[in-house]
Amino acid sequence: MVLPLVITLVVLLFAWPAGRTAPRDVPVGIVGTGAASQHAVEGLVREKPGAFDFHLYPDQQDARAAIENRDVYGALAISAHDITVLTAPAAGTSVAQLLREVGQQLADRAAQQGAAGPQSSAKIHVTALDVVPVATEDPRGVVFSSAVFPLTICAILIGAFVSTARGLRRPWHRLLTLLLACAAAGLGAYLVAQGFLGALPHDHLATWAVLSLVLISISATAAGLVRLLGHGGLGLSAALMVFVGNPFSGAGSAPELLPKGVDYVGQWLPPGAGASLLRDTAYFDGNGGSGHLAVLALWSVCGFTAVMFGRRITGRAPGGALTSGASLSSLPTSGAASPGRRHTHAHAHARRNDDDGRLRTLHAGR
């Protein structure tokens, strides 16, 4: 009965955010405070309550600067005869498409209400301008959004290997191996995403560093949980990062399009914070990425700490068994043993040939 419930929960976690995608407090700029702008804002608030968080700007130049600084997703410049929609597909193609549709709806409604003046049948012209476009090789951002899931899986595999490899006995060996593996995997992911597919065309070194940091934060968490909880830590990290962090990340749309609460949870987990930081770095010169960077750094530091000191804290080995000192102290002693002895009676079996060529077994009990 447990397995069907787990499968149902996994399907719910992946399907529910995608099935309830809608704008929720999406930051949008409004250029000017004229009558046309006021009517547009009032209409949007009435028709789509809670969908947008409006910010006023005196001109298009300030609105463009706000988009590039990641203060808003886009802006609407509305006048009596035309509407200019400023978008940033690099921040989310879904939001950019939404703003274009909103601009067209405002134009249609204004034309019907005769907002263009005495000629009520006049058509309002709508112009869409991409302030921060996506790469031409990835016009819909599919490569970008598809990279989050495999990065999460690979990071957990790295963490599992580092925490269970027998050749890595010292904690600093594990940390060094984890860092090198994540850096190499991040470079490989960047070479595929940009070198082969052309989806991350800006700030090459910084983008590689972000990819590596995303891998480090997830793999360090997985390795740390294994050191703390044994094999159960691997399952917990997979459930947290894959089944919660990935569908709640908003990488395929935007955090503001996810259900309330989901957006906050997703941005506090490495997959969501990593996807947002990757956007900020690859297309917006790092603007708006300080909070996401702090989240990734926090998870990384916690994971490193657990890898270094987890065994001392819990007294468990990587596989979940008690360490040698704890196991020996918990074994019952025999009645003949003195109170001060640390070990139980051991039986040594040795075989040797005597002068006659016969084998005899010596049993020594001490």
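**Figure 1. Contact between helices α1 and α9 in the predicted model**. V10, L13 and F14 of α1 meet V242, F243 and V244 of α9, where contact means heavy atoms within 4.5 Å. These residues divide into six nonpolar, no polar and no charged; Ala, Val, Leu, Ile, Met, Phe, Trp, Tyr, Cys and Pro count as nonpolar, Asp, Glu, Lys and Arg as charged, and the others, Gly among them, as polar. The axes of α1 (residues 2-19) and α9 come within 9 Å and cross at roughly 45°; axes are lines fitted to C-alpha atoms, for helices over the stretch in contact, and angles run from 0 to 180 degrees between N-to-C directions. The two helices, α1 and α9, are therefore oblique to each other. Angles under 35 degrees count as roughly parallel, over 145 as roughly antiparallel, 65 to 115 as roughly perpendicular and the rest as oblique. Helices (H or I, at least four residues) and strands (E, at least two) are DSSP runs, numbered from the N terminus. This is a predicted model, in which local features need pLDDT of at least 70 and side-chain atom pairs count only at pLDDT 80 or more, whereas totals for chains, interfaces and linings use all residues. Residues are numbered from 1 along each chain as its sequence is written, and side-chain values use heavy atoms, with hydrogens and water left out.

**Figure 2. Packing of helix α6 on helix α7**. Helix α6 spans residues 148-164 and helix α7 residues 171-196; their axes lie 10 Å apart at an angle of about 155°. The pair α6 and α7 is therefore roughly antiparallel, and the crossing is right-handed. A crossing is left-handed if the near helix is turned anticlockwise from the far one by less than a right angle, and right-handed if clockwise. From α6, the residues L151, I158, F161, V162, S163 and T164 meet R174, T177, L178, A181, C182, A185 and A189 of α7. The residues of this contact divide into nine nonpolar, three polar and one charged.

**Figure 3. Helix α8 against helix α11**. The axes of α8 and α11 (residues 270-283) come within 9 Å and cross at roughly 175°. Helices α8 and α11 are therefore roughly antiparallel to each other. On the α8 side the contact is made by A206, T207, V210, L211, V214, S217 and I218, and on the α11 side by P270, P271, G274, L277, L278, T281 and A282. Ten of the contact residues are nonpolar, four are polar and none is charged.

**Figure 4. Surroundings of S212 in helix α8**. S212 belongs to α8, which covers residues 204-229. With a relative accessibility of 8%, S212 counts as buried; buried means under 20% relative accessible area, exposed over 50%, and partly exposed in between (1.4 Å probe, protein chains only). Not counting residues up to four places away in sequence, S212 touches C182, A183 and G186.

**Figure 5. Surroundings of T84 in strand β4**. T84 is found in β4, which covers residues 82-87. Its relative accessibility is 11%, so T84 counts as buried. Apart from residues up to four places away in sequence, T84 touches Q60, A75, L76, A77, T127 and L129.

**Figure 6. E256 and the loop that holds D25**. E256 lies in the loop between α9 (231-245) and α10 (262-267). Leaving aside neighbours within four places in sequence, E256 is in contact with A22, P23, R24, D25, V26, P27 and Y73. E256 and V26 are 230 residues apart in sequence, yet 5.6 Å apart in space, C-alpha to C-alpha. D25 is placed in the loop between α1 and β1 (26-31). The relative accessible area of D25 is 35%, so this residue is partly exposed.

**Figure 7. Positive phi at D25 and D203**. Most residues other than glycine have a negative phi. Phi of D25 is near 55°. D203, which is not a glycine either, has a positive phi of about 50°. D203 is found in the loop between α7 and α8 and is partly exposed, with a relative accessible area of 35%.

**Figure 8. Cysteines C154 and C302**. C154 counts as partly exposed at 39% relative accessibility, and C302 counts as partly exposed at 44%. A search of the whole structure finds zero disulfides, a disulfide being a pair of cysteine sulfur atoms within 2.5 Å.
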